[in-house]
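Visitor: I should like to take a close look at a single part of this model, and then to see how the rest of the chain is arranged around the topic. Please proceed by way of backbone, burial and packing.

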Amino acid sequence: MLQRRKTNAKRIAAMRRFASALADGAISCRVSALADRARVLVLCPIRRELQLGLFTSARDSFVDAGFPVSAVRRFQGIDLQNNRQRDGVHSASAVVTMSFLRGFVPKARAIWSTNPAVLYVFFAEDDCRFIGGVDVQAVLREAKAAGRCAGWMGYGLRNGQPKVGAHLLSFTKSALERFVMDLKHLVKQRVLALDTALHHLWLAGRIFLPAETLAQQAAHPLKRRR
């Protein structure tokens with residue numbers, strides 16, 4: 001009961017942030033209406049939310065950018081620290097990829113099944129934060145530019161190539177099915193880390209990158225622990 005009250009309090013605080021941004025004119029009604037046709041699913045095992053509030057912080061980042069509170073949802077994914085929630089996965093490098101395939105994909109498909117008006121569904125990890133000045137209009141513009149490809153909105157460069165970064169991906173309905181097919185093919189080849197898979201797909205011209213990255217990973221004590 002206490003945890004539910006805390007969760008409700010955090011949600012109310014997020015709703016107030018969004019309402020304040022609308023009232024201040026930081027978010028136009030037109031952009032707000034367009035943002036309402038997007039959904040964000042944040043990978044965050046409940047342990048990480050309870051310990052560090054990572055989902056709450058991620059949601060605040062999206063709300064501050066102009067996404068409606070109701071558009072941002074947490075999903076559990078695979079928690080390697082909980083034997084009952086490993087779901088047969090034992091490799092830290094594979095946990096995000098398998099959480100994406102087993103958790104995000106069916107939830108995204110369900111969203112489009114029940115609400116065909118949704119244009120984009122975003123996959124985000126709980127430590128994804130928008131870079132200062134990035135707003136929902138910029139994010140949706142890049143998602144539209146991605147077209148039939150998945151958009152990697154939070155990439156980082158190493159030696160001039162996107163190899164690391166925040167896991168923030170945009171999908172249309174058709175882009176998701178194309179990406180799932182590509183990702184499953186790479187998993188069969190034992191390419192398990194999502195960053196590595198994204199780099200492979202970028203080399204093959206199968207994903208879209210904005211000219212400049214829109215998000216980055218936040219520093220926190222659980223950054224390298226799944």
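Visitor: Which residue in β7 does L157 stand opposite?

Guide: The model is a predicted one, and every value below is computed from it. L157 stands opposite P162, a residue of β7. The two strands concerned are β6, residues 155-158, and β7, residues 161-165, which pair in the antiparallel sense over four bridges. In general, strands of a sheet pair through backbone hydrogen bonds, either parallel or antiparallel.

The turn of this hairpin deserves attention. Two residues lie between the strands, and in this hairpin N159 takes a positive phi near 55°. N159 belongs to the loop between β6 and β7, and its positive value occurs in a residue other than glycine. As a rule, most residues other than glycine have a negative phi. With a relative accessible area of 80%, N159 is exposed, because exposed means over 50%.

Two further backbone positions can be set beside N159. R190 has a positive phi of about 70° although it is not a glycine. R190 lies in the loop between α7, residues 173-188, and α8. Its relative accessible area is 62%, so R190 is likewise counted as exposed, the cut-off being over 50%. On the other side of α8, just after the helix, G205 takes a positive phi of about 70°. The helix between them, α8, spans residues 194-203, and its buried residues are L194, D195, A197, L198, H199 and L201. It is useful to recall that an α-helix has 3.6 residues a turn, so residues three or four places apart point the same way.

From the hairpin one may turn to the open sheet. Its six strands have the order β2-β1-β3-β8-β5-β9, and the pairing is mixed. The edges are held by β2 (72-75) and β9 (207-208), each with a single partner strand, so one side of each is left without a neighbour in the sheet. Beside β2 comes β1, residues 38-43; the two strands run parallel and are joined by four bridges. Within this pairing L43 stands opposite F75 of β2.

Helices are set against this sheet. α5, residues 95-114, lies across β1, β2, β3 (120-125) and β8 (168-171), and runs at about 155° to β3. α7 also packs on the sheet: it touches β5 (150-152), β8 and β9, and its direction makes about 120° with that of β8.

The aromatic side chains give a further view of the packing. A search of the whole structure finds 15 aromatic pairs. One of them joins F62 and F130, an edge-to-face pair at 4.9 Å centre to centre with 75° between the planes. F62 lies in helix α4 (residues 54-65) and F130 in strand β4 (residues 128-130), so the pair ties together parts that are 68 residues apart in sequence. F62, at 1% relative accessibility, counts as buried; F130 is buried too, with a relative accessible area of 12%. Another pair, Y120 with F122, is tilted, at 6.5 Å centre to centre and 55° between the planes. Both Y120 and F122 are buried. Ring pairs also link F75, F100, F104, F123, F171 and F179 into a cluster. F75, the partner that L43 faces across the strands, is thus a member of that cluster.

As for cysteines, the count of disulfides comes to zero, the rule being a pair of cysteine sulfur atoms within 2.5 Å. C44 counts as buried at 0% relative accessibility, and C149 is buried with a relative accessible area of 17%, because buried means under 20%.

Finally, the chain as a whole may be summarised. It contains eight helices and ten strands. Of its 226 residues, 52% are buried. Among contacts with a separation of 6 or more, 74% are made by residues 24 or more positions apart. The accessible surface comes to about 11200 Å², with 52% of it belonging to carbon and sulfur atoms.

Notes:
Residues numbered from 1 in each chain as written. Heavy atoms only, no water. Buried < 20%, exposed > 50% of the residue type's maximum accessible area, 1.4 Å probe, protein only. Pairing = 2+ DSSP bridges. Phe/Tyr/Trp six-rings, centres within 6.5 Å; stacked < 30°, edge-to-face > 60°. Contact = heavy atoms within 4.5 Å. Axes fitted to C-alpha atoms, helices over the stretch in contact; angles between N-to-C directions. Areas by Shrake-Rupley, 256 points an atom, 1.4 Å probe, with all protein chains shown as cover.
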